[in-house]
Amino acid sequence: MKIAIAQLNFHIGNFEGNLQKMLQAVAEAKAQQADLICFSELATVGYPPRDFLEFEDFIELAEATVERLAEAAQGIAIVVGSPTKNPVIEGKDHYNSAFFLADGKVQQVQHKTLLPTYDIFDEYRYFEPASEWKVVEFKGKRIALTVCEDIWNIANENPLYTISPMDQLMPQQPDFILNLSASPFSYVQAESRTKVVRANVERYGIPMFYVNHSGAQTEILFDGGSLVASPDGKIFDELPYFEEAVRMYDLDEVTKGGRELLQPREKMPLIHDALVMGIRDYFRKLGFKRAILGLSGGIDSALVAVLAVRALGAKNVRLVLMPSQFSSDHSVVDARKLAENLGAPYDIIPIEPIYNSFMEALKPHFWATEFNIAEENLQSRSRGNLLMALSNKFGNILLNTSNKSEVAVGYGTLYGDMCGGLSVIGDLYKTEVFELCRYINREEEVIPDNIITKPPSAELKPDQKDTDSLPEYEDLDEILFQYIERRLSPQDIIEKGYDEKLVRRVLRLVNINEFKRHQMAPVLRVSEKAFGMGRRMPIVGKYLA
């Protein structure tokens, strides 16, 4: 049997576009004499469809897409993920299903059993879990049809669940496993995914074909990396990261095994490619072409500028330098040099006159008060207004340049530097920003070296440095990582050797600034715990505040 895996970049709710992608892949597979082609989880609708699933019309369009795809299942079988209606009144209204199409019609449907409800996942909000499991018989082979999370409870050892779908299917003696997945990217996910696939084939002694999405859906990034695994526990093949691909496999060769093909999984190259794809897909799927961002001469905006140019092309990225009376000469020089290195158009709009007009208007009201954060924020908001005006006038999307360290502790100005339609590096700690910039400069100086080596500063008052308000980023980022990603308590972090006053201060800053993050642009997710839909905290909570 010849099996094709189609790792495609779907668009949520774009039924016709998704269908045409799949029909093209079917034609390609048929031309190579494949017996079966497999698409990913909820491929007809895109993942995650979220509350679109509550619209009856949306479900009916998905059903119509499956019917049209079934018409193409002549001389080839097609496996595809799509939502289905639950005919029983009790329980949720829909299932997350895998369809087996052959001879022009739906032959069998297997519903997803294990519904993840953690981090970015919220499937139990929409779907009813499966209660029946049956192998698919096709061309003398018996297929265990599973959907994503169904393979993540091996031998019923995952404490989140009480049933193992593969344990239910094994008494029916399947010859191989098909798994339709929507496995989002994080810089450690490829390794976790591979371990789970290995564990399945080693436990059950049969091959697995694991097909994943590629492409970005707003903040959620899918890296592809679909896997074919042999019963000997080796990864027979791994599809490319961040690309669409259709590949063919001979089942007998996969069953024989004996080879291991895995791609490099270095952290910074993965994050770089993920962020470039995230920007590109956000613009493409929204129907926009051009971006705008403020270029300060600092490392954060420099990194975002490079990523945007690589995603959209230099001519489509407009850089705006907005120096104030507090901006150093080298910041302007560094920003101009970067723009020239990138070949991107740039403008210089000094904000001192705008800032002074605000100060003059507020003078009677600020009388007898000292210069403080209010005056600093006026500068940031002046820049935000200029960028938003240019965005509105010329139809560009403003890219936010705040990093995760700043976002965590509230070191950003609402309606100022926190403006933007997309937060590009909001899931990168400051130390990771430096690391990624050094990776970008590994062969040539794309980002001027002075931007990377000079002490970070917001430049909102004379001789300001970030360390005036924050601890050294090496310490800050480690404390933040232990709290945000690892969910450790203050005492646990203190016992790792960090100063108690510093730990309690940092954690308090994280929690009292939740209101800012609720008003922030969507953050491209590259870690296991990003700000946004995967981290849901109350704004007015007292804990650690």
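**Figure 1. A buried salt bridge between R525 and D119.** In this predicted model, the side chains of R525 and D119 meet in a salt bridge, with N and O 3.0 Å apart. The two partners come from distant parts of the chain: R525 sits in the segment after α17, while D119 belongs to the loop between β5 (105-111) and β6 (136-138), and 406 residues separate them. Both R525 and D119 are buried. Side chains of opposite charge can pair when their charged atoms come close. By the rule used here, the count comes to 31 salt bridges, and the next views pick out a few others.

**Figure 2. K404 and D427, another buried ion pair.** Here the closest N and O atoms of K404 and D427 are 2.8 Å apart, giving a salt bridge. K404 is in helix α11 (residues 404-409) and D427 in the loop between β19 (422-423) and α12 (430-440), so the contact ties together parts that are 23 residues apart in sequence. Buried or exposed, what is K404? K404 has 0% relative accessibility, so it counts as buried. D427 comes out at 2%, and that also counts as buried.

**Figure 3. E16 and R68, a helix-to-helix salt bridge.** E16 forms a salt bridge with R68, and the closest N and O atoms are 2.8 Å apart. This one links helix α1 (residues 15-31), home of E16, with helix α2, home of R68, across 52 residues of sequence. E16 is partly exposed, with a relative accessible area of 38%. R68 is partly exposed too, at 40%.

**Figure 4. A small charge network, and a lysine over a ring.** E41, K112 and E123 are linked in a network of salt bridges. Also worth a look is K92, whose charged end sits over the ring of Y124, 3.6 Å from the ring centre.

**Figure 5. Y47: an aromatic pair and a cis peptide bond.** A pair of aromatic rings is described by the distance of the centres and the angle of the planes. The count for this model comes to 13 aromatic pairs. One of them is Y47 with F222, edge-to-face, at 6.2 Å centre to centre and 85° between the planes. Y47 lies in the loop between β2 (36-38) and α2 (56-71), F222 in strand β11 (residues 220-223), and the two are 175 residues apart. Both Y47 and F222 are buried. Y47 has a second feature: a cis peptide bond joins Y47 to P48, with omega about 0°. P48 is placed in the loop between β2 and α2. For context, most residues other than glycine have a negative phi, and most peptide bonds are trans.

**Figure 6. The aromatic cluster around F236.** Which residues form one aromatic cluster? The members are F176, F209, F236 and Y249. Within this view, the ring centres of F236 and Y249 are 6.4 Å apart and their planes are at 75°, so the pair is edge-to-face. F236 is in strand β13 (residues 235-238) and Y249 in strand β14 (residues 245-250), 13 residues apart. F236 is buried, with a relative accessible area of 6%, and Y249 is buried as well, at 4%. A charge joins the scene: R259 lies over the face of F236, 3.7 Å from the ring centre.

**Figure 7. Q173, a positive phi in a loop.** Q173 is not a glycine, yet its phi is positive, near 55°. Its place is in the loop between α3 (165-169) and β8 (176-180). At 61% relative accessibility, Q173 counts as exposed.

**Figure 8. The segment after α17: a nonpolar patch and L544.** F515, I539 and V540 make a nonpolar surface patch of about 300 Å². I539 is found in the segment after α17 (514-517), and at 41% relative accessibility I539 counts as partly exposed. L544 lies in that segment after α17 as well. L544 has a positive phi of about 60° although it is not a glycine, and at 23% relative accessibility L544 counts as partly exposed.

Technical notes: Residues are numbered from 1 along each chain as its sequence is written. This is a predicted model: local features need pLDDT of at least 70, side-chain atom pairs count only at pLDDT 80 or more; totals for chains, interfaces and linings use all residues. Side-chain values use heavy atoms; hydrogens and water are left out. Patches are made of residues with over 30% relative accessible area and no salt bridge: like charges are joined within 9 Å, nonpolar side chains (Val, Leu, Ile, Met, Phe, Trp, Tyr) within 5 Å. Accessible areas come from the Shrake-Rupley method with a 1.4 Å probe; for residues, only the protein chains shown count as cover. A salt bridge is a side-chain nitrogen of Lys or Arg within 4 Å of a carboxyl oxygen of Asp or Glu. Helices (H or I, at least four residues) and strands (E, at least two) are DSSP runs, numbered from the N terminus. Buried means under 20% relative accessible area, exposed over 50%, partly exposed in between (1.4 Å probe, protein chains only). Rings of Phe, Tyr and Trp (its six-membered ring) pair if their centres lie within 6.5 Å; planes under 30 degrees apart count as stacked, over 60 as edge-to-face and the rest as tilted. A charge sits over a ring if NZ of Lys or CZ of Arg is within 6 Å of the ring centre and within 35 degrees of the ring normal.
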